[in-house]
Amino acid sequence: QNYQVQATAQPAPAKPVVEKKGLGITVGGAEVNFYGNVRADATYQIDGGPSRAHPYNQINKAALDGAPGNSDLFKSTLAATRLGFDFKTPTQAGDVAGKVEVDFLGSNDTLRIRHAYLTYANWLIGQTWSNFAVPDYMPETIDALGYVGGAVKRTPQVRYTSTFSPETNLIFALEDSKYSDNSGTTLGSDPDNQMRIPALTARLNHKFANNAGIISARTMVADKQTSDDEKVAWGVGLGTKYNVTPSTTLKADYYHVKGDSSFVSWSNPGYSIEKPGGNIQQSEFDSITVGITQQFNPKWRGTLGYGYMTHDEDLDYINASANPAALNKDLWQAWANVFYSPIKPVSLGLEYTYGERETFSTPTLTSKTGEENRVNVVALYNF
């Protein structure tokens, strides 16, 4: 007897779903991933706002007591909305990758380049986060510029990464330390700086065992030159991110910088120029930021943070400044926020911030101190 056996087609086993951020396409042999967010920010300035238009942190220019400020003021913007592309092209010599990311925080809410770079092997060429002033160790904030003690600087650079082990690497970079991002504030606010050579930065990263966190030590050396004088600026930094528990993360960052203001945010100009003579007098400061983030459940998280910056009282530097009354001696800010994600691509945030500013000298008819007091809210849709 002949038996005809009919095989029943079995469904292939289901492949695990791998979630990928953004929209992936292929263009001209390159894999392209498009991503971004729509972001709406609003601020209620209770006290101390120096600008009626700017909705983000300006603690270094907060109105002093007795001076006219912009209090009891509501401000909003969608300028921090972000669009980005990640590229990767496989070649016989290895992958060539890159990124272009923009937002609308340029002057008068115009388009601004955040990141634009290419990577090959151990090299990176283009604009991205500074190798010295990285934002990785700043506690989470709603403010798009962050708070005193931290840094959110992106610079044109050439970077090389040397990997010692899966846990440890050393990164060198040559960076443009006198760069403006067209957002209304010059990142390199050192006066009349005729940069002859780029700044040299180095960063040593080490990951803790069991994915518990990371620690990073950094250094920076930069040449500051005017038509009459030349000085060397330098700085060191130390930051860490440590997972105290699976749901509790501690972040801390410290900087000591002399003669530069192009890397760490909210500092005084890195130097003053004596008149007559043209000699450079350098500033020097320390800053620190620390905070803890708690993930309460998959939908709720919150952060408590504190930042502080203090400048040395160098009379030669102060007297040579074009505007001594604007120089800050101390700055500090404390903030608390909570984020709620009702569904995965959407985040809603609420934050309260209080800070104080103290100057070296007393401007006419005002005091040496001022406070900054505000509430921020944000709504984010990520894609």
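In which strand is A233 found? Select A233 and the answer comes up as strand β12, which runs over residues 230-245; the tour starts there and then widens to the whole of this predicted model.

**First stop: A233 and its surroundings**

With A233 selected, colour by accessibility: the residue has a relative accessible area of 0% and therefore counts as buried. Add G259 to the selection, and the two C-alpha atoms are found 4.6 Å apart, although these positions lie 26 residues apart along the chain. If the neighbours within four places in sequence are set aside, the contacts of A233 are M220, V221, A222, K224, K258, G259, D260 and Q282.

**Second stop: the whole chain**

Now zoom out and show the cartoon, in which the protein chain has 20 strands and 1 helix. Of its 383 residues, 45% count as buried, and the chain exposes about 19500 Å², with carbon and sulfur atoms supplying 58% of that area. Among the contacts with a separation of 6 or more, 63% are between residues 24 or more positions apart.

Before going further, colour by pLDDT, which averages 87 over the protein chain, with 89% of the residues scoring at least 70. Two segments deserve caution here. Over residues 1-18 the pLDDT stays under 50, and the model has 0 contacts beyond four places in sequence for them. Residues 180-188 also stay under 50 in pLDDT, but for this segment the model has 22 contacts beyond four places in sequence.

**Third stop: the largest nonpolar core**

Select F132, Y255, V257, F263 and V264, which touch the most other members of the largest nonpolar core, a set of 18 residues. Strands β11 (213-225) and β13 (248-258) each supply at least two residues of this core. Keep Y255 in view and display what surrounds it: beyond its neighbours within four places in sequence, Y255 is in contact with F132, A133, V134, G149, A151, R218, V236, G237, V264, F285, D286 and S287.

**Fourth stop: aromatic rings**

Next, show the side chains of the aromatic residues; over the whole structure, a search finds 12 aromatic pairs. One of them is formed by W123 and Y160, a tilted pair with 4.8 Å from centre to centre and 55 degrees between the planes. This pair links distant parts of the chain, since W123 belongs to strand β7 (residues 123-129) and Y160 to strand β8 (residues 154-165), 37 residues apart. Are these two rings' residues buried or exposed? Neither extreme applies: W123 is partly exposed with a relative accessible area of 45%, and Y160 is partly exposed with 31%.

Then move to Y381 and F383, whose ring centres are 6.1 Å apart and whose planes meet at 35 degrees, so this pair too is tilted. Y381 counts as partly exposed at 41% relative accessibility, as does F383 at 27%. Extend the selection to F34, F85 and F87, because ring pairs link these three residues with Y381 and F383 into a cluster.

A ring of another kind of interest is that of F339: the charged end of R301 sits over it, 4.4 Å from the ring centre.

**Fifth stop: loops and backbone details**

Turn now to the loop between β4 (82-89) and β5 (96-103), where A93 is found. At 55% relative accessibility A93 counts as exposed, and its C-alpha atom is separated by 9.0 Å from that of A121, a residue 28 positions away along the chain.

Select D109 next, in the loop between β5 and β6 (112-120). Its phi is near 60 degrees, a positive value in a residue other than glycine, and D109 counts as partly exposed at 49% relative accessibility. N210, in the loop between β10 (199-207) and β11, likewise has a positive phi of about 60 degrees although it is not a glycine. With a relative accessible area of 79%, N210 is exposed.

Finish at P276, which has its place in the loop between β14 (271-273) and β15 (280-282). Display the backbone here, where K275 and P276 are joined by a cis peptide bond with omega of about 0 degrees.

Terms used: Residues numbered from 1 in each chain as written. Predicted model: local features only at pLDDT ≥ 70, side-chain atom pairs only at ≥ 80, totals over all residues. Heavy atoms only, no water. Phe/Tyr/Trp six-rings, centres within 6.5 Å; stacked < 30°, edge-to-face > 60°. Helix = DSSP H or I, 4+ residues; strand = E, 2+ residues; numbered from the N terminus. Buried < 20%, exposed > 50% of the residue type's maximum accessible area, 1.4 Å probe, protein only. Lys NZ or Arg CZ within 6 Å of the ring centre and 35° of its normal. Core = buried A, V, L, I, M, F, W, Y, C linked by side-chain atoms within 4.5 Å. Contact = heavy atoms within 4.5 Å. Areas by Shrake-Rupley, 256 points an atom, 1.4 Å probe, with all protein chains shown as cover. pLDDT = per-residue confidence, 0-100.
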